[in-house]
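This report describes a single protein chain, moving from its strands to selected side chains. The sequence and the model are shown first.

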Amino acid sequence: IQAAAATGKGGGGGSKGKSAAHLAKPMRLGDYLTLVDALVVRENVRLDSNTLRQLKCNKIVDVVETKYVRDGYRIRGRLLLGGWISLVNTKDRKNYAKSFEKRSSG
């Protein structure tokens, strides 16, 4: 698994009583549900790479790889259909997409 980790090292961590330790766990691969409108899909993991498209809120995408981008405080996910999205901002803990399990019928 190529899951990325945010270690919480280096830099003014918040004093909210919670550490970033929960972000150090590997991110799950598979289906994710987008949580924001106009989520930008970029050409590569870099936040300044070319925009490929935008996704609407409540869209299910298949994440096949994750990486931590230190300079942007982001955990990024590579999509099965191409491109990269932000999954979470590790600085302010904003979620752009969340792990999603499809319910089985039956």
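## Strand pairing

Two strands are said to pair if DSSP finds at least two bridges between them. By this criterion β5 and β6 are paired, since five bridges join these two antiparallel strands. One of the partnerships between them sets I75 against V88 in β6. The structure discussed here is a predicted model.

On the β4 side, β5 is joined by six bridges, and these two strands also run antiparallel. Within this pairing, T66 has G77 of β5 as its bridge partner. What does the burial of its residues say about the position of β5? Five of the six residues of β5 are buried, so the strand is largely enclosed by the rest of the structure.

## Hairpin connections

The hairpin of β4 and β5 has four residues between the strands. In this hairpin Y73 adopts a positive phi near 55°.

The hairpin of β5 and β6 likewise places four residues between its strands. Here G82 takes a positive phi, near 100°.

## Overall composition

The chain contains seven strands and zero helices. Along the sequence, the elements follow the pattern β-β-β-β-β-β-β. Of the 106 residues in the chain, 33% are buried.

Among contacts between residues at least 6 apart in sequence, 49% join residues at least 24 apart. The exposed surface of the chain is about 7000 Å², of which carbon and sulfur atoms supply 48%.

## The nonpolar core

Which residues have the most contacts inside the largest nonpolar core? They are Y32, L55, V61, L79, I85 and L87, in a core of 15 residues. The elements giving two or more residues to this core are β2 (39-42), β4, β5 and β6. The largest share, three residues, comes from β6.

I85 illustrates how such a residue is surrounded. Leaving aside residues up to four places away in sequence, I85 touches L39, V40, V41, L55, V61, I75, R76, G77, L79 and A97. Among these neighbours, L55, V61 and L79 are also listed with the most contacts inside the core.

## Salt bridges

A search of the whole structure finds three salt bridges. In one of them, the side chains of E65 and R78 meet at 2.7 Å, N to O. This pair links distant parts of the chain, with E65 in strand β4 (residues 60-69) and R78 in strand β5 (residues 74-79), 13 residues apart. E65 also meets K67 in a salt bridge, at 3.8 Å from N to O. E65 counts as buried because its relative accessible area is 11%, under the 20% cut-off. K67 is partly exposed, with 35% relative accessibility, and R78 is partly exposed at 33%. Through shared partners, the salt bridges join E65, K67 and R78 into one network.

A further salt bridge connects R46 and D48, whose closest N and O atoms are 2.6 Å apart. D48 counts as exposed because its relative accessibility is 54%, over the 50% cut-off.

## Two loop residues

Is S49, in the loop between β2 and β3 (51-55), buried or exposed? S49 is buried, with a relative accessible area of 8%. The side chain of S49 reaches the backbone nitrogen of E43 at 3.4 Å. A polar atom of the same S49 side chain lies 3.2 Å from the backbone nitrogen of N44. Not counting residues up to four places away in sequence, S49 touches R42, E43 and N44.

K94 is located in the loop between β6 (84-89) and β7 (97-99). With a relative accessibility of 38%, K94 counts as partly exposed. K94 touches V36, L87, V88 and N89, again without counting residues up to four places away in sequence. The C-alpha atoms of K94 and L35 are separated by 9.9 Å, while the two residues are 59 residues apart along the chain.

Technical notes:
Residues numbered from 1 in each chain as written. Predicted model: local features only at pLDDT ≥ 70, side-chain atom pairs only at ≥ 80, totals over all residues. Heavy atoms only, no water. Buried < 20%, exposed > 50% of the residue type's maximum accessible area, 1.4 Å probe, protein only. Contact = heavy atoms within 4.5 Å. Salt bridge = Lys/Arg side-chain N within 4 Å of Asp/Glu carboxyl O. Core = buried A, V, L, I, M, F, W, Y, C linked by side-chain atoms within 4.5 Å. Areas by Shrake-Rupley, 256 points an atom, 1.4 Å probe, with all protein chains shown as cover. Polar contact = N/O pair within 3.5 Å; in protein donor to acceptor, adjacent residues only side chain to side chain.
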